Amino acid sequence: MADTFEPPQAVHIRSPLRFLWWLVVSQPRRIAAGATLGSLWMVSLAAPPYLLSRAIDDGLRPRHAGVLLGWVAVLFAVGVLTAWLGIMRHRTMTRIRMDASFRTVRVTMRQATRLGAALTRLVTAGEVVAIGMSDVQTIALSLTVVGPGFGAVVAYLVVAALLLAISPLLAAVVLAGVPLIGLTVGPLLRQVQRIDTGYRERQGALTARLVDVVSGLRVLGGLGGKEVHAARYHRDSRALRDQGYRVGAMTSWVDAIGPGMPALFLAVVTWLAARMAAEGAISIGDLVAVYGYVAILVVPVFFLIQGGSDLAKALVSARRVVDFLVLEPEHRDGPEPVDAPPPGAALHDPLSGVGIPAGLLTALVSARPADCAAVVDRLGRFTRSEATWGGLRLDSVALDQVRARILVADNDADLFAGSVRELVAGGGAADDEAVDAAIRAAAATDIVDALPDGLDSAIAPDARNLSGGQRQRLRLARALCAAPEFLLAVEPTSAVDAHTEAAMAAGLRAARTGRTTVVSTGSPLLLDRADLVLHLVDGRVSATGTHRDLLRTDPGYRALVARDADQEAER
């Protein structure tokens with residue numbers, strides 16, 4: 001699948017059924033093999049009754065032992081062939097289901113990557129987890145209908161044809177069973193789909209809550225809120241369980257009809273065939289064959305009903321996947337994106353009046369840190385704005401070029417599981433020398449030294465085995481290791497003590513010399529290292545200058561920085 005994967009086109013995600021069809025047409029050879037093997041296997045099940053009838057009628061006669069042994073040998077060979085076809089059918093269908101699973105996972109991950117920073121604003125983590133945990137498996141299971149499901153139809157028609165050769169009446173009774181099954185199962189399948197839709201929605205919401213609780217366990221423990229959230233989860237999980245009972249109750253009726261309807265046919269047809277044999281209309285061998293034909297119909301009818309049930313559930317799951325795949329990034333490229341300006345071009349945010357000169361360390365400071373973060377989001381093209389880059393509107397520049405040259409680093413950035421080396425190197429191919437340099441600049445060498453295997457030490461997901469200050473330093477190290485043309489950092493030193501903060505400020509200054517760097521901060525230690533400080537009041541630039549100049553000329557700035565200095569002293 002890895003070599004043949006092509007993402008679905010827009011037409012393939014217009015509806016859940018079209019998405020399932022895309023999974024089918026994406027592996028035509030396997031599907032053809034599955035349908036062929038499924039049909040041959042199903043039809044081979046109907047062969048033993050016929051062979052047995054011939055052995056009875058032709059072999060159970062005086063001095064016909066050789067004929068009887070011949071039919072027995074053929075019956076044994078057909079049994080071996082049926083077993084082999086069953087094995088190959090199962091293997092092929094397993095490959096089909098795995099291919100469908102991997103394609104669904106891959107297209108989901110591709111969409112998550114495409115949405116980027118907008119992902120968490122458009123969909124909850126629980127919904128994405130629910131797709132990976134249950135919907136993928138449900139969708140893959142429904143593809144069984146293209147193998148044994150298709151074979152069940154073929155086998156049903158073959159049995160009807162064999163019965164027609166014996167008695168048109170018997171064939172008519174069997175053929176009448178298909179529409180009868182449809183009339184019986186159809187409403188039940190619609191009920192299953194309706195109830196399962198509600199179940200999946202509850203499941204996604206509950207999974208989202210579980211993800212939130214697990215990720216915020218430390219915070220909940222500190223606030224004493226674990227019991228409250230545990231009680232909420234218990235209440236919602238009981239509601240989900242009750243909804244699952246309703247799904248199971250309806251599904252049980254569908255599953256009961258699978259063997260029940262053929263058993264009813266078996267009784268009716270056997271009674272008719274026995275009457276016809278007693279009247280001499282058919283032979284004893286034909287009676288045995290009729291019984292065998294109808295008995296094996298349990299298998300194809302079961303697959304037909306089970307396939308319909310699986311398909312009804314898969315449509316619910318496919319709807320969730322399709323709803324996720326049709327989401328669009330908030331800041332995708334326009335119809336004709338332009339190239340980014342050459343190196344040295346400045347960034348400008350008209351809404352706040354912030355201008356970022358090239359090659360300098362610029363600090364943004366405000367009594368409301370959210371105002372500075374908003375400026376960074378606009379300059380990093382994470383929110384809609386009229387920000388410009390070298391005179392070009394930032395939203396007109398190709399997004400991949402923006403992301404390659406402008407890096408926004410904030411304290412909410414995820415830290416992925418892996419070694420320290422992999423965490424700091426990020427998505428790049430940085431060598432140990434670059435990683436070490438970034439770690440030193442972020443004053444994080446003590447973190448690595450304290451770990452048992454140095455750079456090879458394992459870091460838990462989101463670095464849960466590290467403290468808040470340690471995570472912050474590793475985030476800064478990762479940003480420095482990326483060495484972007486523009487680095488926009490939001491409060492990069494807010495979670496560390498004054499001594500560590502001074503080391504981080506010096507390291508940041510040295511590592512970014514000659515490169516454009518913007519920091520949102522209220523720390524006097526970091527402000528003193530900046531080439532240019534922009535003081536924002538109510539979201540607009542109020543004063544500009546160096547840290548020392550603003551201390552002398554701007555009372556509001558002086559009061560703000562003095563307050564922050566007192567807070568740092570308390571830390």
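**View 1. Thr104 and its surroundings in helix H3 of the predicted model.**
In this predicted model, Thr104 counts as buried, because its relative accessibility is 0%. The residue belongs to helix H3, which covers residues 65-115. If neighbours within four places in sequence are set aside, the residues in contact with Thr104 are Phe19, Leu23, Val136, Ile139 and Val321. Two of these names lead on to the next view: Phe19 is one of the residues of helix H1 that touch helix H12, and Val321 is one of the residues of H12 that take part in that contact.

**View 2. The packing of helix H1 against helix H12.**
Two packed helices are described by the angle between their axes and by the distance between those axes. For helix H1 (residues 16-25) and helix H12 (residues 298-325), the angle is about 95° and the axes lie 8 Å apart. Because angles of 65 to 115 degrees count as roughly perpendicular, H1 is described as roughly perpendicular to H12. On the side of H1, the contact is made by Pro16, Leu17, Phe19 and Leu20, while H12 contributes Leu311, Ala314, Leu315, Ala318, Arg319, Val321, Val322 and Leu325.

**View 3. A nonpolar patch on the surface.**
Val153, Leu157, Leu175 and Leu304 together make a nonpolar surface patch of about 320 Å². Val153 has its place in helix H6, which is formed by residues 148-166, and with a relative accessibility of 40% this residue counts as partly exposed. For the protein as a whole, the exposed area is about 27,600 Å², and carbon and sulfur atoms supply 61% of that area.

**View 4. The salt bridge between Arg509 and Asp531.**
Side chains of opposite charge can pair when their charged atoms come close. The structure holds 18 salt bridges, and one of them joins Arg509 to Asp531, with 2.8 Å between the closest N and O atoms. Arg509 sits in helix H19 (residues 498-511), whereas Asp531 sits in the loop between helix H20 (524-527) and strand E11 (532-537), so the pair ties together parts that are 22 residues apart in sequence. Arg509 counts as partly exposed at 28% relative accessibility, and Asp531 also counts as partly exposed, at 26%.

**View 5. The loop residue Asp528 and its contacts.**
Asp528 lies in the loop between H20 and E11, and at 36% relative accessibility this residue counts as partly exposed. Leaving out neighbours within four places in sequence, Asp528 is in contact with His547 and Arg548. Asp528 and His547 are 19 residues apart along the chain, and their C-alpha atoms are separated by 5.4 Å.

**View 6. Salt bridges of Asp549 and of Asp395, and a network around Asp99.**
In the salt bridge between Asp549 and Arg552, the closest N and O atoms are 2.5 Å apart. Both residues belong to helix H21 (residues 547-553), where they are three residues apart and therefore separated by about one helical turn. Asp549 counts as partly exposed at 31% relative accessibility, whereas Arg552 counts as exposed at 59%. Elsewhere, salt bridges that share partners join Arg30, Asp99 and Arg103 into one network. A further salt bridge links the side chains of Asp395 and Arg393, with a distance of 2.6 Å from N to O. Asp395 is partly exposed, with a relative accessible area of 33%, and Arg393 is partly exposed as well, with 39%.

**View 7. Two loop residues with a positive phi, Arg381 and Glu491.**
Arg381 has a positive phi of about 60°, although this residue is not a glycine. Arg381 is found in the loop between helix H13 (369-379) and strand E4 (388-389), and this residue is buried, because its relative accessible area is 3%. Glu491, which is not a glycine either, has a positive phi of about 45°. The place of Glu491 is the loop between strand E9 (486-490) and H19.

**View 8. The protein as the setting for the close-ups.**
The protein has 22 helices and twelve strands, and of its 571 residues 46% count as buried. Among contacts between residues at least 6 apart in sequence, 76% join residues that are at least 24 apart.

Notes. Residues are numbered from 1 along each chain as its sequence is written. This is a predicted model: local features need pLDDT of at least 70, side-chain atom pairs count only at pLDDT 80 or more; totals for chains, interfaces and linings use all residues. Side-chain values use heavy atoms; hydrogens and water are left out. Patches are made of residues with over 30% relative accessible area and no salt bridge: like charges are joined within 9 Å, nonpolar side chains (Val, Leu, Ile, Met, Phe, Trp, Tyr) within 5 Å. Accessible areas come from the Shrake-Rupley method with a 1.4 Å probe; for residues, only the protein chains shown count as cover. A salt bridge is a side-chain nitrogen of Lys or Arg within 4 Å of a carboxyl oxygen of Asp or Glu. Helices (H or I, at least four residues) and strands (E, at least two) are DSSP runs, numbered from the N terminus. Buried means under 20% relative accessible area, exposed over 50%, partly exposed in between (1.4 Å probe, protein chains only). Axes are lines fitted to C-alpha atoms, for helices over the stretch in contact, and angles run from 0 to 180 degrees between N-to-C directions. Angles under 35 degrees count as roughly parallel, over 145 as roughly antiparallel, 65 to 115 as roughly perpendicular and the rest as oblique. Contact means heavy atoms within 4.5 Å.
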